[in-house]
Structure formats: structure tokens, C-alpha cells
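Here is a short tour of the pockets, the ligand site and two backbone details of a protein model. Keep the viewer open as you read, and pick out each residue as it comes up.

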Amino acid sequence: MAKVVVNSVDKVYENGFKAVSSVSFVAEDKEFVILVGPSGCGKSTTLRMIAGLEEITDGDIFIADKLVNNIPPKDRDIAMVFQNYALYPHMTVYENMSFALKLRKTPKAEIDPIVQEAAKLLEIEDLLDRKPKQLSGGQRQRVALGRAIVRKPKVFLFDEPLSNLDAKLRVQMRAEITRLHRKLATTMIYVTHDQVEAMTMADKIVIMKDGFIHQIDTPLNVYNNPVNLFVAGFIGSPAINQFNGRIDEVNGSLSFITASFQVPIPPEFRTAIQSHIGKNVIMGLRPEDVYDAQYDSMAEIPVNITALCDVVEPMGNEYVVYLSTGDTTMIARLDPKKLPQVEQDLLISLDMKKVHFFDPETQDCLTHKKK
Ligand code: ATP
């Protein structure tokens, strides 16, 4: 069992800067947890505290039920894979992979099968005699993974391991790490600023900003049920559309009214937004929930409005269309059925079943469903 518990952890650096505030989360045994957030949000600091590379100012960290606050990194039974690979340049791949075992005084005869097995798993058996400079970025990253695997740690920690790779290789390595996680069945904590990595790889996402955790949930729950505007905007690409407007009640029905359009709000949202009737709110709607009204719309509660088509990006599998109504802009991901005409009006359908409402002051999501 290798559960990791981070309990009310703070980090104040020597210069007095508080990089991490009251961070608490659990990585269950064998779980793949991703800490994600914009640059400077404190995710690397959190990971480094778990690794023991950074002192904890306040709070507790447990690895496999053992308090590790004052335990040095080498005794924490973790392996860390860094963004810059951190391979020893003068050693071969084999030597790089076996180094930690050698330090532990593992007998040579035992080291060899362990290295060979890891090399096979990562498909780098043919590279064992090479030096790091004779490898591609992707191969170096595999060696860095191999070096972590041979130590058979209780927990793997990854700090932006794919950020030095080109886009295509990143996609490939994403799938490889997911597969590796499945095969090794080990707890993994992974830091990235890339929301796509978080969405595609994680069992659970921890979303951070300015040193605080904003939301912890499965990728799909975070996507579909964001706790606030930051989370809604950070997860998803193109980003969620945001409309500034007001909720009004006319003859017992609620409407969302902007300077350029007015749409009825389904009754099912009434309880959640009751406190904001007559007040300004932000309505969020994801680009895939905006449809071309001419075609069979998948919208569950379609409401049509007219928008001007500004830019069309034909992606092959879809059109990403930039639209405007008055001074409101939005993005739609449309089926590539008929190319919308630029600078022409387009009747679009908003799926009002999928909208989220946010308080413009607190940025909290009024329609967030608590677990
Ligand atoms: P990135 O994606 O850019 O690596 P991050 O979310 O991992 O960002 P951290 O590296 O954890 O962020 O840094 C969090 C904050 O702490 C940042 O504002 C950073 O400038 C600050 N910070 C990091 N190391 C130190 C240090 N040694 N002394 C003072 N402040 C630091």
C-alpha cells in the first residue's frame, strides 16, 4: 500500500513568499494524481515537498502511512522524473539505469535482470550502450523513466516530464506513461501546466492557483462540474465561452439577458441561481455546446440566436468558429457539414441544459453540484 496524504501543507520560502497555502489531498494506493495549474501556482513546490527536496513550513505529509516530514528524500521510497531528464552525461544508458541500484549495493547479478526488464518495458533494449547525447528527446525521457522504474519505488513523482518534447512525441509519451502506470500499478503524482495531460492521464486532478487548491475531482467531473470560473476556464480547449449578463424574471420565467441577446433559463437552474435574480452573472457555455441551428442539433435544450461569423478554422474533423453578437464574442466547435460563411450571420443554437452560472464577484459557480 502506498497512499500519499498531504495534510494542510504550507510553504513559505526564505524570502517570506508563501508559495503553497493549506494544501490537502490524497493520492490513494495505485492512483494517478495530477497537480495542474498555471505557472507559479505552487505545484512543483508541492511535489518537491513530497519528494523531500523542499522543507515543509507547516502541515504533514504521509507516504504509506508513515509521517515523512523529517525523512530525507533517499529514505522516502519515491522516485522522481524531472523535466530535464537529469541523466548523467558521461554514463551509458545502462549505467544511468543501474546507478541507483549500485549505490544501494545491489549485487551485479541482481541488477542486470532488473535493468533488462525495465529496458524491455520501455522498448530501449537497443540503446543500453549509448550515452545520453546520442539519444533523441523521447529516448532520453524513456531512460529517465527507466532509471525511476528500476528502483521499484512505492511512489513515482513526475515534474513536467514531457514539456521538453515536441507536440507529437508528447502525445505518444502521454499514452506510454498511462500504459506504464497500468503495468506497474504504482501510485503516481504528476505535475503539469498542460490541462490536456491532466485530462487524458489522471485518475484524479488537483487544480491549483496562487498556492491554493481550487478543485479535486476526476477529469470529467472537473470539466462538467467546475467549482468556479478559474477552473471552468483553465480546463478545456478552446476555453469555455463567458457571457456577461443579468438574470431577470418575467411572468414567472427566468431569462439571461446580455446587451445583445436574451435567452430563457431552464427551470431546473432556478434553485441554484435564486439568489442572483435581478443581478449580474456570468454565463459559461463550452464551445461544443454551441451548434449550427440548421442541422440536427444534439442540444438537449436548444435556444437559437443569431451571431456573426468572424473567423473559421477548418480542423478537418470540426470547424472552430469565432462568432460575435454585439460586443459579445464566442467560439463554437461545429460539425464540418457546411462551411459557415465568414462575415455572414449564422443561426446558432445554445444548449441551455449545459450552461453554468458564475457570480462575477466571487467567481464561484452557482450551478456547481456539490458531492
Ligand atoms: P511552473 O509551472 O512555472 O514550474 P509551479 O506551479 O510549479 O510553476 P512553483 O515552482 O512551485 O510553481 O513556484 C511557486 C511560486 O513560488 C512561484 O511564484 C515561484 O516564483 C515561487 N518560488 C519558487 N521557488 C522559490 C524560492 N526558492 N524562493 C522564493 N520563491 C520561490
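## The largest pocket

The largest pocket holds about 600 Å³ of space. Its lining is made up of 23 residues, and those closest to the centre are Ile 78, Ala 79, Met 80, Ala 100 and Arg 151. Please bear in mind that this is a predicted model.

Which elements build this lining? At least two residues each come from strand S6 (78–81), helix H2 (93–103) and helix H4 (137–149). In terms of chemistry, the lining of the largest pocket counts 17 nonpolar residues, 5 charged ones and 1 polar one.

## The second largest pocket

For the second largest pocket, the volume is about 400 Å³. Here 16 residues form the lining, and Asn 224, Lys 353, Lys 354, His 356 and Lys 369 are the ones nearest the centre. Sorted by class, this lining has 7 charged, 5 nonpolar and 4 polar residues.

Where does the second largest pocket lie with respect to domain 1 and domain 2? It lies between them, because domain 1 (4–234) and domain 2 (241–358) both give residues to its lining.

## Around the ligand

Now turn to the ligand, which is surrounded by 13 residues. The closest of these are Ser 39, Gly 40, Lys 43, Ser 44 and Thr 45. Helix H1 (residues 43–51) gives the largest share of this shell, with 3 residues. By class, the shell divides into 6 polar, 5 nonpolar and 2 charged residues.

Several polar contacts can be followed atom by atom. A polar backbone atom of Cys 41 lies 2.9 Å from an oxygen atom of the ligand. For Gly 42, a backbone N or O atom is 3.0 Å from a ligand oxygen atom. Ser 44 takes part through its side chain, where an N or O atom is 2.7 Å from an oxygen atom of the ligand. On its own the ligand would expose 630 Å², and the protein buries 62% of that area.

## Two backbone details

Most peptide bonds are trans, and most residues other than glycine have a negative phi. Two places in this model are worth a look with that in mind.

One is the peptide bond between Ser 237 and Pro 238, which is cis, with an omega of about -5°. Pro 238 sits in the loop between helix H8 (229–234) and strand S11 (241–250).

The other is Asn 251, which is not a glycine yet has a positive phi of about 50°. You will find Asn 251 in the loop that runs between S11 and strand S12 (253–257).

Terms used: Residues numbered from 1 in each chain as written. Predicted model: local features only at pLDDT ≥ 70, side-chain atom pairs only at ≥ 80, totals over all residues. Heavy atoms only, no water. 1 Å grid on protein atoms, 1.4 Å probe; cavity = no way out; pocket = protein on both sides within 12 Å on 5 of 7 lines; lining within 4 Å. Points joined across faces, edges and corners; volume = space filled by probe spheres on them. Helix = DSSP H or I, 4+ residues; strand = E, 2+ residues; numbered from the N terminus. Nonpolar A, V, L, I, M, F, W, Y, C, P; charged D, E, K, R; others polar. Domains from an automatic or database assignment. Near = heavy atom within 4 Å. Polar contact = N/O pair within 3.5 Å; in protein donor to acceptor, adjacent residues only side chain to side chain. Areas by Shrake-Rupley, 256 points an atom, 1.4 Å probe, with all protein chains shown as cover.
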